[in-house]
Amino acid sequence: MKVFCGRANPTTGSVEWLEEDEHYDYHQEIARSSYADMLHDKDRNMKYYQGIRAAVSRVKDKGQKALVLDIGTGTGLLSMMAVTAGADFCYAIEVFKPMADVAVKIVEKNGFGDKIKIINKHSTEVTIGPDGDMPCRANILITELFDTELIGEGALPSYEHAHRHLVQENCEAVPHRATVYAQLVESRRMWSWNKLFPIRVQTSLGEQVIVPPLELERCPGAPSVYDIQLNQVSLTDFTVLSDVLPMFSVDFSKQVSSSAASHSRQFEPLASGQAQVVLSWWDIEMDPEGKIKCTMAPFWAHSDPEELQWRDHWMQCVYFLPEEEPVVQGSALCLVAHHDDYCVWYSLQRTSPEKDGRAHPARPVCDCQAHLLWNRPRFGEINDQNRTDQYVQALKTVLKLDGVCLCVSDGSLLSMLAHHLGAEQVFTIENSAASHRLMKKIFKANHLEDKINIIEKRPELLTPADLEGKKVSLLLGEPFFTTSLLPWHNLYFWYVRTAVDRHLAPGAVVMPQAASLHMMVVEFRDLWRIRSPCGDCEGFDVHIMDDMIKHALDFRESKEAEPHPLWEYPCCSRSVPQQILTFDFRQPVPLQPICAEGAIELRRPGRSHGAVLWMEYHLTPDSTVSTGLLKPAEDKGYCCWNPHCKQAVYFFNTTLDPRVPPGGPQTVTYTVEFHPRTGDVTVDFTLSDALDRGC
């Protein structure tokens, strides 16, 4: 049997559905999962183990059998902890069949097959009774159903059902309680991830300002949380406006409701400013007394920053208020957390909603199109004035005042820059109806609806009539396309350039004129953990899980790069950056592959966890925009990455095992190939000590 999977196609700039082996989808899910990250989370594992021991003891002290229900068991780790702690029997539920099959093997391997039953169902499908999955209700409920937002993976409905149908009243629960915290801040940087700022363009006639449409300013934004590694945001990037506020708690030992609710906390602002962003995180208490606590607090709010546990499966949340609001130091306000069964959002109010009887507001939904077309990093990229200035300076060197400009990038403002700098006629191609509507609004807000022509069609379908019979003297792109996942996916610009070749005037200028692919070998401070084998976890053998992930990676993922925003994941360079491929946009896409091979010398000591790849776009011979490294690595190798882009990472699986001593290979050889037919880039690595490459 075959299945269809969506994959970005750089030759068409779209996501296409390809026929894959029936096992591909779950192999990919396993390979890119957070299972290894969770098993490496020492703080999480220890706190769960302590909480489970205490819960089993409380049940045993009552003279009862300890019957455990473990929802979302994964490897079966928490159930094995429970049996080791003295539980009489565990019913471990895992809906993902490949994971359930591995859990059965791990449980058997560790000698718990007679005390743990793996149930391959969703918890809402589990039955109770003589012929059911469980003979009776459990009196200990253990779960790990949480995401960065706490409730985004359906924790509330799962708990609600479990209490009604699967566990005893007043059962023990591990964790016992969760509390969500929030802190109100002003942050131009974070606000730039949500709103379009005025953009200034210096022209020969003076300064021109591109202003956002009123509809965009008033839009409440995207409904989804922005989860990031908040510990990598500098304290200088925001101003704290409130103390850390406990917004709401959920007691998992009692009946839980998944109904929509609002929770208000009154506070007095610590400073005057513009309330824009709510930073949020949660902690879980494993016992009723709250002595065993696992917290996601960032370093400035952590009780012991030196003991901060790195993890990627749980991070911190950034929420954007519907509109920025002025606050005055000492003048009381109410921060309100709203949630339904899966999402959380925030509002700022002058009085408590409980006092004025207001109904729960609906989940925010974008009505301006911008938040549907641009993700948060893209907002930040467009709002980057320094980046805009670089494009303006490059445009000034290539733009002819009597020229015809054709812009090709999704939802780009380059066409407006070209107009303000004096292009006689400007066309912009917008493939999608959403980008067409958005750009039309932006042009209208800036009185340019009659100055810039929007063409809503695929570039290969462009006709002379679309360009009013004129030839293009300047083909312009950032390039940026919404379907791009990996750095080289934006090479779609090259395919567009090829498709419109017949519409280009003799001597037409293409900007950027070229691109280059760069690579550097790095040692990650923490990110390596997501692909590192675990072996033993809290005394339990989980090698079978390691083997499962390795098999999934070998299925295909070891041949593919992973996109990561490396500004969130500190690393040190082990080599100097190296240019490994070039792409000449002044010429059409070649028919034959572009290949190169070479070697990278490792000049700094440490572990070689993997290779990072990124694109650099050469706007002109004197102006280059990097999607990766922004400046040479510091003396100690610390790297500064473009915060608006994701870089491509190839992990070397032979160097990810922390049990292997550092040192190892001193040279990494590579073969890289650009495939014109698919638009993809493949890289193969060999480490100098003949260890195999993997990711």
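In this predicted model, strand S18 (residues 333-339) runs antiparallel to strand S19, and the two are paired over six bridges. Together S18 and S19 make a hairpin, with four residues sitting between them. To find one point of contact along the pair, look at Ala337, which stands opposite Tyr346 in S19.

S19 itself is well wrapped up. Six of its six residues are buried, so the strand is largely enclosed by the rest of the structure. Both of its faces are covered. On one side are Val344, Tyr346 and Leu348, on the other are Trp345, Ser347 and Gln349, and all of these are buried.

S19 also turns up next to an enclosed space. Strand S15 (273-285), strand S17 (316-327) and strand S19 (344-349) each put at least two residues into the lining of the second largest cavity. That cavity holds about 40 Å³ of space. Its walls are made by Thr148, Glu149, Val180, Ser280, Trp281, Trp282, Cys317, Tyr319, Val344 and Tyr346. S15 gives the most to this lining, with three residues. Sorted by class, the lining has seven nonpolar, two polar and one charged residues.

The count comes to two cavities of 30 Å³ or more. The largest one has a volume of about 130 Å³. Here helices do much of the talking: helix H11 (376-382), helix H12 (385-398) and helix H13 (414-420) each supply at least two lining residues. Among the residues around the largest cavity are Ile199, Arg378, Glu381, Arg387, Tyr391, Leu414 and Glu478. The lining of the largest cavity divides into six nonpolar, two polar and four charged residues.

Aromatic rings come next, and there are plenty to look through: the count of aromatic pairs comes to 26. Take Tyr159 and Phe252, whose ring centres are 4.2 Å apart and whose planes meet at 15°; planes under 30 degrees apart count as stacked, so this pair is stacked. Tyr159 belongs to helix H6 (residues 155-165), while Phe252 is in the loop between strand S13 (245-251) and strand S14 (261-267), so the pair ties together parts that are 93 residues apart in sequence. Tyr159 and Phe252 are both buried.

Trp374 and Phe379 show another arrangement. Their ring centres are 5.2 Å apart and their planes are at 85°, so this pair is edge-to-face. Trp374 is buried, with a relative accessible area of 2%, and Phe379 is buried too, at 1%.

Ring pairs can also join up into a group. Phe146, Tyr159, Phe252, Trp282 and Trp314 are linked into a cluster this way. Two members of that cluster, Tyr159 and Phe252, are the stacked pair described above. Another member, Trp282, is also one of the residues that line the second largest cavity.

Finally, some rings have a charged partner. The charged end of Arg53 sits over the ring of Tyr49, 3.8 Å from the ring centre. Arg189 does something similar with Trp567, lying over the face of that ring at 4.6 Å from the centre.

Terms used. Residues are numbered from 1 along each chain as its sequence is written. This is a predicted model: local features need pLDDT of at least 70, side-chain atom pairs count only at pLDDT 80 or more; totals for chains, interfaces and linings use all residues. Side-chain values use heavy atoms; hydrogens and water are left out. Rings of Phe, Tyr and Trp (its six-membered ring) pair if their centres lie within 6.5 Å; planes under 30 degrees apart count as stacked, over 60 as edge-to-face and the rest as tilted. Buried means under 20% relative accessible area, exposed over 50%, partly exposed in between (1.4 Å probe, protein chains only). A charge sits over a ring if NZ of Lys or CZ of Arg is within 6 Å of the ring centre and within 35 degrees of the ring normal. On a 1 Å grid over the protein atoms alone, a cavity is a set of points where a 1.4 Å probe fits but cannot get out, and a pocket is an open set with protein on both sides within 12 Å along at least five of seven lines; lining residues have an atom within 4 Å of a point. Grid points are joined across faces, edges and corners, and a volume is the space filled by probe spheres set on the points. Ala, Val, Leu, Ile, Met, Phe, Trp, Tyr, Cys and Pro count as nonpolar, Asp, Glu, Lys and Arg as charged, and the others, Gly among them, as polar. Two strands pair if DSSP finds at least two bridges between them.
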